[in-house]
Structure formats: C-alpha cells, structure tokens
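Grab a pencil and work through these exercises with the structure open beside you. Each task comes with a solution that goes step by step.

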Amino acid sequence: MASAGLQLTGYFLALAGWVGAICASALPQWKHSSYAGDAIITAVGLYEGLWMSCAAQSTGQVQCKLHESLLSLDVHIQTSRALMVVSILLGFVGTVVSVVGMKCTKVADQNPVAKSWIAVLGGVFFLLAGLCTAGAVSWYASRVTHDFFNPSTPLNAKYEFGPALFVGWSAASLLILGGSFLACSCPKPEDRRGQQYYRQSQPPTTATRELPVKRDNHQCV
C-alpha cells in the first residue's frame, strides 16, 4: 500500500488545487484588454470573467457589472462556467472522501484494504476535478487566442490572457498531481491475501474452545 506520507502529500496538493480552482472561478480577470499595436488604452482597462466584466480607471477606481443574461452569453463562457462548477463540486467530494480513506485517520480503520480503496476513490474525484478545470481554462484561452488573431476583430476589441487563466492552469496541475498520488493507494494483491490470511488464522473464541477434561484422582484398588 502507499505510505501515509504520499497520501498526505497528494491530499494537500489536491486541496491547494481545489482552493485555486475556486479562486480562478471567482476572479474577473479571465481576459483583459490588449495594449498591442494601436489598441493602447491609457484611461480605462477592461477585464472580463465568467461572472462579471470590469472597467479599471487610471485613478484606481474599478467598476464591475455582473452578466445579467445567461442565454445571451457566448457558448465558451457558459461551458466554462459549467465545468468550473462541476470541478468545485468534485473537489469538495474528493476532499471529504480522501479524509476517510487516508491512513492517518481512524475512520474505517478496521478494514485497511477498503480504506485504501476509499482513498483511491478520493483521488479519482480530484483527477476529474483537475480535468474539468483544465478543460474550462484551455477552452476559454483558445477562444481568446482565436479572437486576438482574427483579422476581422477590431484592434480596440482584442483581449489577452488574464491572471485567472494562469491560476486555473496551476490549480488543474495541482489537482491532477495530488489525485494521482492518492490514486497510488490502490492495495496490492499480497496485501489482500495477507488480510484474508490474518482473518483465517485468528484463534477461536473462548466460546468454541473445548473444556479441559477433569481427571479423577481416585483410582480403583
């Protein structure tokens, strides 16, 4: 079985990735206005995320507006929203399940093999969460890249990658790496045979033991 140190390392890496996915989903800087070429904007900086769009003034004042209509949004924004929500939910489930399956906890400690399989299940949830985060961030980034190099896009309407995309890629990497470490908790065949042999070799209970035969000390003359 995997060591407790490997499980703890994978758990904390995946937990950090889950927190990063939450932060990336909430940040509005998924893309920001480009300053390349003639699209130089010195007074206003535009930002856009999954849930809101913001305008930063040169004075430091920031004004944000939530996306009011869901159906009027582009497909890549709706899909990225759904993937990030699914990723956060999967990460929450993986956090709870992994705590039950790790060796350092006392929950379900009577069956080490089943406990290891629970840790593997938690790692699978983290892996799926990482894949959802990576898919959402990568799809959004590909759309930003397509619009940036599209000749029909006006220069003052071009956007570049925002900091939230890099936070999302980092979170996805941590989730996948931590989930892989937890998935290494898969019990080996010799561990399962050893547990079965241990159960079979346990001594019988006192209720099934034979009572000793009392010998009569009186002998016939």
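**Exercise 1. How many salt bridges does the rule give, if a salt bridge is a side-chain nitrogen of Lys or Arg within 4 Å of a carboxyl oxygen of Asp or Glu?**

Before you start, know what you're looking at: this is a predicted model, where local features need pLDDT of at least 70 and side-chain atom pairs count only at pLDDT 80 or more, while totals for chains, interfaces and linings use all residues. Residues are numbered from 1 along each chain as its sequence is written, and side-chain values use heavy atoms, with hydrogens and water left out.

Step 1. Apply the rule and you end up with two salt bridges.

Step 2. Look at E48 and K31: their side chains meet in a salt bridge, at 3.8 Å from N to O. This pair ties together distant parts of the chain, since E48 sits in strand β2 (residues 44-48) and K31 in strand β1 (residues 31-33), 17 residues apart. (Helices, H or I and at least four residues, and strands, E and at least two, are DSSP runs numbered from the N terminus.)

Step 3. Now try R143 and D147, whose side chains form a salt bridge with 3.5 Å from N to O. They are four residues apart in helix α3 (residues 112-149), so about one helical turn separates them.

**Exercise 2. Decide for each of the four salt-bridge residues, E48, K31, R143 and D147: buried or partly exposed?**

Step 1. Get the cut-offs straight: buried means under 20% relative accessible area, exposed means over 50%, and partly exposed is in between (1.4 Å probe, protein chains only).

Step 2. E48 has 16% relative accessibility, so it counts as buried. K31 has 12%, so K31 counts as buried too.

Step 3. R143 comes out at 33%, so R143 is partly exposed. D147, with 26%, is partly exposed as well.

Step 4. For the whole protein, 34% of the 221 residues count as buried.

**Exercise 3. Work out the order of the strands in the sheet.**

Step 1. Start with the inventory: the protein has five helices and five strands. Along the sequence they follow the pattern α-β-β-β-β-α-α-β-α-α.

Step 2. Pair up the strands, remembering that two strands pair if DSSP finds at least two bridges between them. β1 and β2 pair in the antiparallel sense over two bridges, and here K31 stands opposite E48 in β2. That's the salt-bridge pair from Exercise 1 again.

Step 3. Strand β3 (residues 52-57) and β4 run antiparallel and are joined by five bridges. A56 stands opposite V62 in β4. Between the two strands of this hairpin there are four residues, and G60 takes a positive phi near 100 degrees.

Step 4. Put it together: the five strands make an open sheet with the order β4-β3-β2-β1-β5 and antiparallel pairing. β4 and β5 (159-161) stand at the edges with a single partner strand each, so one side of each has no neighbour in the sheet.

Step 5. Check how covered β4 (residues 62-66) is: zero of its five residues are buried.

**Exercise 4. Describe how α1 packs on α4, and how α2 packs on α3.**

Step 1. Recall the recipe: two packed helices are described by the angle between their axes and the distance between the axes. The axes are lines fitted to C-alpha atoms, for helices over the stretch in contact, and angles run from 0 to 180 degrees between N-to-C directions.

Step 2. Helix α1 (residues 4-26) and helix α4 (residues 163-183) have axes that come within 7 Å and cross at roughly 155 degrees. That makes the two roughly antiparallel (angles under 35 degrees count as roughly parallel, over 145 as roughly antiparallel, 65 to 115 as roughly perpendicular and the rest as oblique).

Step 3. For helix α2 (residues 75-101) and α3, the angle is about 160 degrees and the axes are 8 Å apart. α2 and α3 are therefore roughly antiparallel to each other.

**Exercise 5. Where does P28 lie, and is it buried or exposed?**

Step 1. P28 lies in the loop between α1 and β1.

Step 2. With a relative accessible area of 14%, P28 is buried.

Step 3. The C-alpha atoms of P28 and L50 are separated by 6.8 Å, and the two residues are 22 residues apart along the chain.
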